[in-house]
Amino acid sequence: MRKIYLFTIFSLALVATTYAQISSDTLVLVYGKMLKAADSTPIVGNILYEKLPYYDDMGMASTKTDGSYEIQLIKGETYNFSVTKSGYNKYTNKITVNGNLALDIFVEEDVVELRKLENLIFDRGSDLISPSSYQELNELATWMNENPSIIIQLEGHTDFAGNPDANMRLSEARVLAVQEYLIDQKVKKSRIFTKAFGGTQPVTQERTDEAKALNRRVEVRVIRR
């Protein structure tokens, strides 16, 4: 029994040593920096990598404050690299790693100057923000905190049905609610202007429920980068 036990330990050790040697021989290093495409300043964020075509080796690497990263991948395999970061266009790149590879990732900033908060939801006639809206507002706050020079204007709109004065007050209350939420996420109040339009600037003149929903919106205008 003792001999069998010792042989089993020796066999397991041999297998582990062989596996470690194979792993060491087949891994390569992909390294570089994640940078803004416009001026090559570093970006702190996450890089998702997925082995194609079956996604049987995947993970996420975080960049350091200087934008640098390192990832160990399997030699000879093809991977998809992707970056999704608030305030930037999505980046994707498919690469085959045949050896150690220096790869700088250049991500373009989203230059849209006016955009609608697509998932911002209020109860009808209310300025209370629905919890389902928090994710989009958190992403906006993160983007602003990562880009401290940016100043925005929140612009509130209602549909044009009902009393114009009441609509104006409601649109103002809603943009103030969004402003307050962003302030709670550590965005300085001095960087968030607000403006209420009531129902004076509808995107459609139709009177269907769908059209009214389109007119009820808060938009983010970047007034300084």
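## Ser 130 and its loop

Ser 130 is buried, because its relative accessible area is 18% and buried means under 20% (exposed is over 50%, partly exposed lies in between; 1.4 Å probe, protein chains only). Ser 130 sits in the loop between strand S9 (114–116) and helix H2 (134–146). Helices (H or I, at least four residues) and strands (E, at least two) are DSSP runs, numbered from the N terminus. The side chains of Ser 130 and Ser 132 make a polar contact of 2.9 Å. A polar contact is a pair of N or O atoms within 3.5 Å; within protein, one must be able to donate a hydrogen and the other to accept it, and residues adjacent in sequence count only if both atoms are side-chain atoms.

## Basis and overall make-up

This is a predicted model: local features need pLDDT of at least 70, side-chain atom pairs count only at pLDDT 80 or more, and totals for chains, interfaces and linings use all residues. Residues are numbered from 1 along each chain as its sequence is written, and side-chain values use heavy atoms, with hydrogens and water left out.

The protein has four helices and twelve strands. Of its 225 residues, 37% count as buried. About 13800 Å² is exposed, and carbon and sulfur atoms supply 53% of that. Accessible areas come from the Shrake-Rupley method with a 1.4 Å probe; for residues, only the protein chains shown count as cover. Contact means heavy atoms within 4.5 Å. Among contacts between residues at least 6 apart in sequence, 63% join residues at least 24 apart.

## Strand S5 and its partners

Strand S5 covers residues 77–83. Five of its seven residues are buried. S5 pairs with two strands, S2 and S6; pairing requires at least two DSSP bridges between the strands. S2 (residues 46–52) runs antiparallel to S5, joined by five bridges. S6 (residues 91–97) is also antiparallel to S5, over seven bridges.

Thr 78 links both pairings. Its bridge partner in S2 is Leu 52. In S6, Thr 78 stands opposite Thr 96. Leu 52 also precedes a cis bond: the peptide bond from Leu 52 to Pro 53 has omega near 5°. Pro 53 lies in the loop between S2 and strand S3 (58–62).

## Two nonpolar cores

The largest nonpolar core has 22 residues. Such a core is a set of buried Ala, Val, Leu, Ile, Met, Phe, Trp, Tyr and Cys residues joined through side-chain atoms within 4.5 Å. Residues with the most contacts inside the largest core include Leu 117, Ile 129, Leu 154 and Val 178. H2, S10, H3 and strand S12 (217–224) each give two or more residues to this core. A second, separate core of 20 residues includes Ile 71, Phe 81, Ile 95 and Val 97.

Leaving aside neighbours within four places in sequence, Ile 129 is in contact with residues including Leu 120, Phe 122, Tyr 134, Val 178 and Tyr 181.

## The Tyr 134–Tyr 181 pair

The whole structure holds two aromatic pairs. Rings of Phe, Tyr and Trp (its six-membered ring) pair if their centres lie within 6.5 Å; planes under 30 degrees apart count as stacked, over 60 as edge-to-face and the rest as tilted. Tyr 134 and Tyr 181 are stacked, because their ring centres are 5.3 Å apart and their planes are at 25°. Tyr 134 lies in helix H2 and Tyr 181 in helix H3, so the pair ties together parts 47 residues apart in sequence. Tyr 134 is partly exposed at 34% relative accessible area, whereas Tyr 181 is buried at 14%.

## Thr 158 in its loop

Thr 158 lies in the loop between strand S10 (151–157) and helix H3 (164–184). Thr 158 is buried, with a relative accessible area of 3%. A polar atom of its side chain lies 3.3 Å from the backbone nitrogen of Gly 199. Not counting residues up to four places away in sequence, Thr 158 touches Asn 167, Leu 170, Ser 171, Gly 198, Gly 199, Asn 215 and Arg 216.

## Positive phi values

Most residues other than glycine have a negative phi, and most peptide bonds are trans. Ser 40 has a positive phi, near 65°. Ser 40 is in the loop between strand S1 (27–36) and S2 and is partly exposed at 39%. Lys 186 also has a positive phi, near 80°. Lys 186 is in the loop between H3 and strand S11 (192–196) and is exposed at 69% relative accessibility.
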